[in-house]
Amino acid sequence: MFIRLSAAIAALSLLGNAALAQGAKPTDPQIAHIAYTAGVIDINAAKQAIAKASNKDVKSFAQDMVRDHEAVNKQALDLVKKLKVTPEDNDTSKTLSKQATEKLAELDKLKGAEYDKAYVANEVAYHKAVNGALETQLIPSASNAELKSLLQTGLKIFQGHQQHAEQVAAKLK
Amino acid sequence: MRWGCYLPVMTALLFGAMAAPARAATIQIATTDLVFAPSEVSAKVGDTVEWINKDVFAHTATARNGDFDVMMPPKKTVTSVLKKAGTIEYYCRFHPNMKAVLTIAP
């Protein structure tokens, strides 16, 4: 379990490493791409959960994730359009997507209560990792004020999701 | 000046208000960027709360003791009437980091 959970965290910690290696912080177009990608990853995981989960609370948590992350990503798209910024693919986004695809395949093999627990545990770990990246890397690196403010709203939303996921996880035990 | 014309109306309004001191009030509580504001509100049983959700996200105002559970769809205002007295801590079920307090006098 530890190895599985740490995948998402490892991917996000690459953010720090990549930035250090280049000796530069991520640019706004890269930050926008990373934040959007992180949202898409959670939406995909939630869609799998809506189809697979057996517990009612887990299913409705997954529905909340789809609704909120789609709303955040819509705001992000509206903002990049307004700012005339083209989100730029980058190593962090690529690593995140690759890890997420592996995680989805891994979760897909599980069934019933085992799946429910693994999905919710991953949601806790994933939101924790995204929040860490937002706080230490993405928000401080963002130079556009509106992008920074959207990331700050995103952080509050994702902190809420983390707490919500922790509550659902506690009930599953 | 034409102020004189309004005077009887204003007097009537004033006395009207004074004659009905127990009239229920309408209180506004808004959510903006995942914050309930004001975060502490005093009200009375029978008062109406206008829950104004300014976010693009759905929220709830859910009493910890189960007294109320109001759905707040994105960019919408919903109302509820306060039925029971007490100091009620409430939160959003979707984002439990959103917390506030409503003190309801009998």
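**Exercise 1. Two helices of chain A**

How close do the axes of helix 3 and helix 6 of chain A come, and at what angle do they cross? Then classify the pair.

*Solution.* The model is predicted.
Step 1. Locate the helices: helix 3 of chain A spans residues 56-83, and helix 6 of chain A spans residues 145-172.
Step 2. Read the geometry. The two axes come within 11 Å and cross at roughly 175°.
Step 3. Apply the cut-off: angles over 145 degrees count as roughly antiparallel. Helix 3 and helix 6 of chain A are therefore roughly antiparallel to each other.
Step 4. List the contacts. On the helix 3 side they include A:Phe61, A:Met65, A:Val72 and A:Leu79. On the helix 6 side they include A:Leu150, A:Ile157, A:His161 and A:Val168.
Step 5. Sort this contact by class: twelve nonpolar, four polar and four charged residues.

**Exercise 2. Chain A as a whole**

Find the secondary-structure pattern of chain A, then its buried share and the sequence range of its contacts.

*Solution.*
Step 1. Count elements. Chain A has six helices and zero strands.
Step 2. Write the order along the sequence: α-α-α-α-α-α.
Step 3. Take the burial. Of the 173 residues in chain A, 37% are buried.
Step 4. Take contacts between residues at least 6 apart in sequence; 80% of these in chain A join residues at least 24 apart.

**Exercise 3. The four-strand sheet of chain B**

In what order do the four strands of the open sheet in chain B lie? Work out the direction of each pairing.

*Solution.*
Step 1. Set the order: 2-1-4-7, with mixed pairing.
Step 2. Mark the edges. Strand 2 (35-37) and strand 7 (77-81) of chain B each pair on one side only.
Step 3. Add the twist: neighbouring strands are turned by 20° against each other on average, direction ignored.
Step 4. Start with strand 1 (residues 26-32) and strand 2 of chain B. They run antiparallel and are joined by three bridges. B:Thr31 has B:Phe36 as its bridge partner.
Step 5. Move on to strand 1 and strand 4 of chain B. They run parallel, with six bridges. Here B:Thr26 is partnered by B:Thr48.
Step 6. Finish with strand 4 and strand 7 of chain B. This pair is antiparallel, over five bridges. B:Trp51 faces B:Val78.

**Exercise 4. Two faces of strand 4**

Which side chains of strand 4 (residues 48-53) of chain B point to the buried face?

*Solution.*
Step 1. Note that the side chains alternate along the strand.
Step 2. Assign one face: B:Val49, B:Trp51 and B:Asn53 point there and are buried.
Step 3. Assign the other: B:Thr48, B:Glu50 and B:Ile52 point there and are not buried.

**Exercise 5. The five-strand sheet of chain B**

Which strands form the edges of the open sheet of five strands in chain B?

*Solution.*
Step 1. Write the order, 3-9-8-5-6; the pairing is mixed.
Step 2. Read off the edges: strand 3 (40-44) and strand 6 (69-72) of chain B.
Step 3. Add the twist, which averages 25° from one strand to the next.
Step 4. Examine one pair. Strand 8 (residues 86-91) and strand 9 (residues 99-105) of chain B are antiparallel over six bridges. Within it, B:Ile88 stands opposite B:Leu102.

**Exercise 6. Where the chains meet**

How many residues of chain B are in contact with chain A?

*Solution.*
Step 1. Count both sides: ten residues of chain B contact 13 residues of chain A.
Step 2. Classify the chain B side. It has seven nonpolar, two polar and one charged residues.

Notes. Residues are numbered from 1 along each chain as its sequence is written. Chains are lettered from A and ligands numbered from 1 in the order in which they are written. This is a predicted model: local features need pLDDT of at least 70, side-chain atom pairs count only at pLDDT 80 or more; totals for chains, interfaces and linings use all residues. Two strands pair if DSSP finds at least two bridges between them. Axes are lines fitted to C-alpha atoms, for helices over the stretch in contact, and angles run from 0 to 180 degrees between N-to-C directions. Two residues are in contact if their C-beta atoms, placed from the backbone, lie within 7 Å. Ala, Val, Leu, Ile, Met, Phe, Trp, Tyr, Cys and Pro count as nonpolar, Asp, Glu, Lys and Arg as charged, and the others, Gly among them, as polar. A residue is buried if 20 or more other C-beta atoms lie within 10 Å of its own, exposed if 12 or fewer, and partly exposed in between; C-beta atoms are placed from the backbone. Angles under 35 degrees count as roughly parallel, over 145 as roughly antiparallel, 65 to 115 as roughly perpendicular and the rest as oblique.
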